[in-house]
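Welcome! Here are some exercises with worked solutions to help you find your way around a new structure. Try each task on your own before you read on.

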Amino acid sequence: LEAFINRSGLPSTEVMKSIGLSSRTLQRRKASGRLNFQESNNLDRLVRAFDAAVGLFDGDLEGARRWFTSPQRALGGTTPLTYTSSDVGAREVEA
């Protein structure tokens, strides 16, 4: 999770919200050294969608980050980052 936040440059609060993780739960996960199954799946979904955006922008991390955190008309004015909080939304973002 920390490696993805550092690499992507996405706001950590928004990443945590997208994967369904509160700051208090994050502290517990750090102590145990792992996310639970659902949180891991949610993070994987977010990483795949973000990596697809980076690919779309030919490796331009900053361009992908701007797109991922900006409201998109095709997503009803919602940001792709917000949309990735569900499987259906993540597939829509990847498409």
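**Exercise 1. Find the residue just after α3 that takes a positive phi, and describe its surroundings.**

Step 1. Go to the end of α3: just after this helix, G33 takes a positive phi of about 85°. Helices here are DSSP runs of H or I with at least four residues, strands are runs of E with at least two, and both are numbered from the N terminus.

Step 2. Place the residue: G33 sits in the loop between α3 and α4.

Step 3. Check its cover. G33 has 60% relative accessibility and so counts as exposed. For this label, buried means under 20% relative accessible area, exposed means over 50%, and partly exposed is in between, with a 1.4 Å probe and protein chains only.

Step 4. Take a distance: the C-alpha atoms of G33 and P11 are separated by 22 Å, with their positions 22 residues apart along the chain.

Before you go on, a word on the source: this is a predicted model, in which local features need pLDDT of at least 70, side-chain atom pairs count only at pLDDT 80 or more, and totals for chains, interfaces and linings use all residues. Residues are numbered from 1 along each chain as its sequence is written, and side-chain values use heavy atoms, with hydrogens and water left out.

**Exercise 2. Work out which residues of α3 are buried and which elements cover them.**

Step 1. Helix α3 spans residues 23-32, and T25, L26 and R29 are buried in it.

Step 2. Look down the axis of α3: the buried residues fall within an arc of 105°, so they line one face of the helix. The arc is that of the directions from the helix axis to the C-beta atoms.

Step 3. Recall a general rule: an α-helix has 3.6 residues a turn, so residues three or four places apart point the same way.

Step 4. Turn to the face of α3 that points away from the buried side, which carries the exposed residues S23, R24 and A31.

Step 5. Name the cover: α2 (12-19) and α4 (37-56) are among what covers the buried residues of α3. Contact means heavy atoms within 4.5 Å.

**Exercise 3. Locate D58 and say what its phi is.**

Step 1. D58 is in the loop between α4 and α5.

Step 2. Although D58 is not a glycine, it has a positive phi of about 50°.

Step 3. With 74% relative accessibility, D58 counts as exposed.

**Exercise 4. For I5, S18 and A90, find the helix and the contacts of each residue, leaving aside neighbours within four places in sequence.**

Step 1. Start with I5, which lies in helix α1 (residues 2-8). Its relative accessibility is 15%, so I5 counts as buried. Beyond those neighbours, I5 is in contact with L10, S12 and V15. The C-alpha atoms of I5 and V47 are 9.8 Å from each other, and the two residues are 42 residues apart along the chain.

Step 2. Move on to S18 in helix α2. At 5% relative accessibility, S18 counts as buried. With the neighbours set aside again, S18 is in contact with R45, L46, L81, T84 and S85.

Step 3. Finish with A90 in helix α7 (residues 87-94). A90 counts as buried at 1% relative accessibility. Its contacts beyond the neighbours are R45, Y83 and T84. From A90 to L46 it is 7.2 Å in space, C-alpha to C-alpha, and 44 residues in sequence.

**Exercise 5. Is R66 buried, partly exposed or exposed?**

Step 1. Find R66 in helix α5 (residues 61-68).

Step 2. At 48% relative accessibility, R66 counts as partly exposed.

Step 3. Look along the chain to T79, 13 residues away: the C-alpha atoms of R66 and T79 are separated by 9.9 Å.

**Exercise 6. Step back and describe the whole protein: how many helices and strands are there?**

Step 1. The protein has 7 helices and 0 strands. The radius of gyration is 13 Å, close to the 12 Å that the globule rule gives for 95 residues, so the protein is as compact as a globular protein of that length. This radius is taken over C-alpha atoms, and the rule is 2.2 Å times the number of residues to the power 0.38.

Step 2. Along the principal axes, the C-alpha atoms fill a box of roughly 40 × 25 × 20 Å.

Step 3. Of the 95 residues, 38% are buried.
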